[in-house]
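Look over the sequence and the model shown below. The paragraphs after them go from single residues to the cores, the ligand site and the backbone.

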Amino acid sequence: MNLADLLLRQALLQPDGAAVFEGTRLHATHADWAARAAGLAQRLRAAGLAPGERLVIFMRNHPRYLELLWGAWWAGLVVVPVNAKLHPAEVEWIVADAEARWGFVSADVAPRALAGLERQVDIDSREADALLAPADFHAVPIAERAADDTAWLFYTSGTTGRPKGVMITQRNLMTMGLAYFSDVDPVAATDTMCYAAPMSHGCGLYAIPHLMAGARHVVPASGGVDAAELFALGRALGPLSTFAAPTIVRRLVDHAEAAGLTPAEAASAWKTIVYGGAPMYVADMQRALRVMGPRFVQIYGQGETPMTATALSRAHIADSAHPRHAERLGSVGVAQTPVRVRVADEHDRPLPPGEIGEVLVQGDSVMAGYWRNPEATAAALRGGWLHTGDIGTLDAEGFLTLKDRSKDLVISGGSNIYPREVEEVLLTAPGVAEVAVVGVPDPEWGESLVACVVAAPGAPQDAAALDAHCLAHIARFKRPKRYVWLDALPKNAYGKVLKTALREQLRGTPATPVPPSTPAG
Ligand code: AMP
């Protein structure tokens, strides 16, 4: 089994079919893409890189990203995709851990030579042109790979400790690709997948189902997320599909709203927006639906089961007449076709619907293990189930609602408080643009809740009003004891709020306690 066969198949079926765009400019047909991938594979082989060796990609989104991925797989190599926002020293740690010999970089993210690499190739250089020069793809054999061979060695974004290399196999990625059709969205050859989010992460992996379907791929000319550019690109190339973290979805919705677009006009730019990677608040999705119409699908996954744990379908998201619509929007949907999902107690015993425990996943999308780390592998995969570290609950129909990462759970006065629940409520208060709730040490309560609020433009900083809003919606003990207003929330490269950084930041930030007229407790 080799993912490179997906490219060969399309190159034979539709050699002249437009495959990759950079902005509105055609970068490659399917035959061009296969010829460059085959050329690269031939040269990697000639340079002595044997199947199974690691190749690092540390660059911004670039149309050549796809050629590198498929060229590496054609040669049987393992791709190590590195987040473009990492510090070079962090990348050097990954290079050493993965024992990668070659790296492809873009000069903007890797301005200097990375220690440990035998060869570092700037993607915009003549050297890269030569390595990617087309070869006769019929004549370059695709390396033999077993289904359980690693294809993608993904370093977890872990906010604490050293990242771990997650071994994602050929089978894992094939499974993820097929589950896209069954659980996310059918794809036509005329569709266009847009890479605005980092290609080093889940967004880049969505190249696989789109190549399976012979669709088109576009990397925005700016290489990033500019809402106006993306809407214009969608109107020019035909409606786009993309994957975006909730913060990016919000930016797209803000743009559509500010531009006064109708949902029908939004539909001319966007076919499908898949979101995930971090909580999407119910109020945000209700607004997104109002402004842009039914073009959203949610997925829940993690590096260890990429993009493939649960999905909340377009139909479920759009079914606003359903009596439990809001609850469903607050969930991450149901188990995707190739996996089983359960919620278990601390002894791994499955819990009945409604009870809260750790989310476990089993199936063909689940990693082979952590690279050279048998202890961590045994712990994460004990009993044959992936232990996600996420806390959640299943309902009687199989919808999974995530509470929080176990480490974000706050225990105050002996009661468990899931910050997500408090965040959902605060987001419905007037004047709150964004919010993150964290626990901080408290001599009396063990931990107490602090709400970090980004105010909507011009909105007052009114702790008493927010407290009254919480009192009207949730149990008294769940109310934040303090409010802090920030210009922005700290986020990682994928738009996830960094709660560890936030807790650290809070140590030095003055907070507004809730006024004494509404005693905290
Ligand atoms: P990563 O391994 O960096 O992709 O992070 C995966 C983690 O992101 C998961 O374990 C969840 O905690 C979180 N996550 C992923 N998808 C969702 C989602 N749809 N809703 C809420 N949290 C999510």
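Is Q170 buried or exposed? Q170 counts as buried because its relative accessibility is 0%, where buried means under 20% relative accessible area, exposed over 50%, and partly exposed in between, with a 1.4 Å probe and protein chains only. The model is a predicted one, in which local features need pLDDT of at least 70 and side-chain atom pairs count only at pLDDT 80 or more, while totals for chains, interfaces and linings use all residues. Residues are numbered from 1 along each chain as its sequence is written, and side-chain values use heavy atoms, with hydrogens and water left out.

Q170 is part of helix α6, residues 170-184; helices (H or I, at least four residues) and strands (E, at least two) are DSSP runs numbered from the N terminus. Residues up to four places away in sequence aside, Q170 touches M1, N2, L3, W73, R145, A146, A147, D149 and A151, contact being heavy atoms within 4.5 Å.

W73 also appears in the largest nonpolar core. A nonpolar core is a set of buried Ala, Val, Leu, Ile, Met, Phe, Trp, Tyr and Cys residues joined through side-chain atoms within 4.5 Å. This core has 92 residues, of which W70, W73, W74, L173, Y206 and I208 touch the most other members. Helix α2, residues 30-46, gives the most to the core, with nine residues. Another core lies apart from it and holds 34 residues, among them A196, M285, L312 and F399. In soluble globular proteins, nonpolar side chains tend to be buried together.

Y206 links the core to a polar residue: the side chain of H210 reaches the backbone oxygen of Y206 at 2.8 Å. Such a polar contact is a pair of N or O atoms within 3.5 Å; within protein, one must be able to donate a hydrogen and the other to accept it, and residues adjacent in sequence count only if both atoms are side-chain atoms. H210 lies in helix α8, residues 207-212, and counts as buried because its relative accessibility is 1%. Beyond its neighbours within four places in sequence, H210 is in contact with Y180, V187, M193, A215, H217 and S241.

Helix α9 covers residues 227-237, and its buried residues include A227, E229, L230, F231, L233, G234 and L237. At its N-terminal end, D226 acts as a cap, with a side-chain oxygen 3.0 Å from the backbone nitrogen of A228. Just after α9, G238 takes a positive phi of about 105 degrees.

Now to the ligand. The shell around the ligand has 17 residues, and Q298, I299, Q302, G303 and D390 come nearest; a residue is near a molecule if one of its heavy atoms lies within 4 Å of it. By class, the shell divides into six nonpolar, eight polar and three charged residues. Here Ala, Val, Leu, Ile, Met, Phe, Trp, Tyr, Cys and Pro count as nonpolar, Asp, Glu, Lys and Arg as charged, and the others, Gly among them, as polar. Strands β13 (296-302) and β20 (400-405) each supply at least two residues of the shell, and β13 gives the most, with five.

Which backbone atoms come close to ligand nitrogen? A polar backbone atom of G277 is 2.9 Å from a nitrogen atom of the ligand, and a polar backbone atom of I299 is 2.9 Å from a nitrogen atom of the ligand. From the side chains, a polar atom of D390 lies 2.6 Å from a ligand oxygen atom. Taken alone the ligand exposes 500 Å², and the protein buries 89% of that, with accessible areas from the Shrake-Rupley method and a 1.4 Å probe.

Most residues other than glycine have a negative phi. M307, in strand β14 (residues 305-312), has a positive phi near 60 degrees. M307 counts as buried because its relative accessibility is 9%. R372 has a positive phi near 50 degrees and sits in the loop between β18 (369-370) and α15 (374-380). At 54% relative accessibility, R372 counts as exposed.

Finally, P513 lies in strand β26, residues 512-513. Its contacts, leaving aside neighbours within four places in sequence, are A463, K481 and R482. The C-alpha atoms of P513 and V80 are separated by 46 Å, and these residues are 433 residues apart along the chain.
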